[in-house]
Amino acid sequence: MKVELVKNQEDLAKAHQVRIRVFCDEQGCPVEVEIDDKDPICTHWLLMDEHECVGTIRLVPISKEECALGRLAIDKQYRGKGLGRMLVEAMEEEAIKRGYKIISMHAQEPKIGFYKRFGYILKDTPVFMEDGLPHVEMFKIIN
């Protein structure tokens, strides 16, 4: 397994395929909201098993000091093996290199424990619905 930076539209299409499998096919999110207008301004990574893309994550620039972790998705058969950590660490390393001070996110409510293991903190805001699923706001101070 290795994490690769998305370099072209072909790579981005691989990320989209994983996101559609996980968020749309598996979780029922609408396809039309999954591929959004933020994709062109984001930095994306792929989790590769040989020549097959099985996971993805993106860094969304918010401001000079803040970015967001977004669209972390791993195919079902690859979950629970520590592979999400590889993607989160790649994204966080890039955020630090770029001088961001805060990483924020909208996390699916059942994934709170996963993100807490990386040092993310729950904001004192209510649970909200996003794409038909309960989400919470979380953040991490990195610099």
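These questions and answers walk through a predicted model of one protein chain.

Reader: How many helices and strands does the protein chain have, and in what order do the elements run?
Author: The chain has 4 helices and 8 strands. Read from the N terminus, the order is β-α-α-β-β-β-α-β-α-β-β-β.

Reader: What is the radius of gyration of the protein chain, and what does the globule rule give?
Author: The globule rule gives 15 Å for 143 residues. The chain comes close to that, so it is as compact as a globular protein of that length. Its C-alpha trace spans about 40 × 35 × 30 Å along the principal axes. The radius of gyration itself is 14 Å.

Reader: What percentage of the residues is buried?
Author: Buried means under 20% relative accessible area. The accessible surface comes to about 7800 Å², and carbon and sulfur atoms hold 52% of it. Of the 143 residues, the buried part is 45%.

Reader: What share of the contacts with a separation of 6 or more joins residues 24 or more positions apart?
Author: These are contacts within the protein chain, counted from a separation of 6 upward. Pairs 24 or more positions apart account for 59%.

Reader: Which element gives the largest share of the largest nonpolar core?
Author: This core has 27 residues, and Ile57, Leu69, Met91, Ile103, Tyr115, Tyr120 and Met138 have the most contacts inside it. Two or more residues come from each of β2, β3, β4, α3, β5, α4 and β8. The largest share is 6 residues, and it comes from α3.

Reader: How many residues are in the other core, the one apart from it?
Author: Its members include Ala15, Val22, Phe23 and Ala73. This core lies apart from the largest one. The count is 12 residues.

Reader: Which residues does Met91 touch, leaving out those up to four places away in sequence?
Author: Met91 is among the residues with the most contacts inside the largest core. Leaving out sequence neighbours up to four places away, Met91 touches Trp45, Ile57, Arg58, Leu59, Cys67, Ala68, Leu69 and Ile103.

Reader: Is β2 enclosed or open, and how many of its residues are buried?
Author: β2 is largely enclosed by the rest of the structure. It runs antiparallel to β1, with 4 bridges, and antiparallel to β3, with 7 bridges. Of its 7 residues, the number buried is 6.

Reader: Which residue in β3 is the bridge partner of Trp45?
Author: Trp45 lies in β2, where it stands opposite Leu5. β2 and β3 form a hairpin with 2 residues between them, and Glu50 in the turn has a positive phi of about 60°. In β3, the partner of Trp45 is Ile57.

Reader: Which residue stands opposite Cys67 in β5?
Author: β4 and β5 pair in the parallel sense over 3 bridges. β5 is mostly covered, with 5 of its 7 residues buried. Opposite Cys67 stands Ile103.

Reader: How far apart in sequence are the parts that Arg19 and Asp39 tie together?
Author: The side chains of Arg19 and Asp39 meet in a salt bridge at 3.0 Å, N to O. Arg19 lies in helix α1 and Asp39 in the loop between α2 and β2. Arg19 is buried at 0% relative accessibility, and Asp39 is buried at 4%. The pair therefore ties together parts separated by 20 residues.

Reader: Which partner of the Asp11 and Lys7 salt bridge is buried, and which is exposed?
Author: Their side chains meet at 3.7 Å, N to O. Lys7, at 64% relative accessibility, counts as exposed. The buried partner, at 7%, is Asp11.

Reader: In which helix do Glu89 and Arg85 lie?
Author: Glu89 and Arg85 form a salt bridge, their closest N and O atoms 3.2 Å apart. Glu89 is partly exposed at 33%, and Arg85 is partly exposed at 37%. The two are 4 residues apart, about one turn, in helix α3.

Reader: Which residues do salt bridges with shared partners join into one network?
Author: The whole structure holds 15 salt bridges. Those that share partners make one network of Arg19, Glu34, Asp36, Asp39, Arg58 and Arg71.

Reader: Which residues does Asp75 touch, leaving out those up to four places away in sequence?
Author: Asp75 lies in the loop between β4 and α3. It is buried, at 5% relative accessible area. Beyond four places in sequence, Asp75 touches Val18, Arg21, Val22, Cys53 and Val54.

Key
Residues numbered from 1 in each chain as written. Predicted model: local features only at pLDDT ≥ 70, side-chain atom pairs only at ≥ 80, totals over all residues. Heavy atoms only, no water. Salt bridge = Lys/Arg side-chain N within 4 Å of Asp/Glu carboxyl O. Buried < 20%, exposed > 50% of the residue type's maximum accessible area, 1.4 Å probe, protein only. Core = buried A, V, L, I, M, F, W, Y, C linked by side-chain atoms within 4.5 Å. Contact = heavy atoms within 4.5 Å. Rg over C-alpha atoms; globule rule 2.2 N^0.38 Å. Areas by Shrake-Rupley, 256 points an atom, 1.4 Å probe, with all protein chains shown as cover. Pairing = 2+ DSSP bridges.
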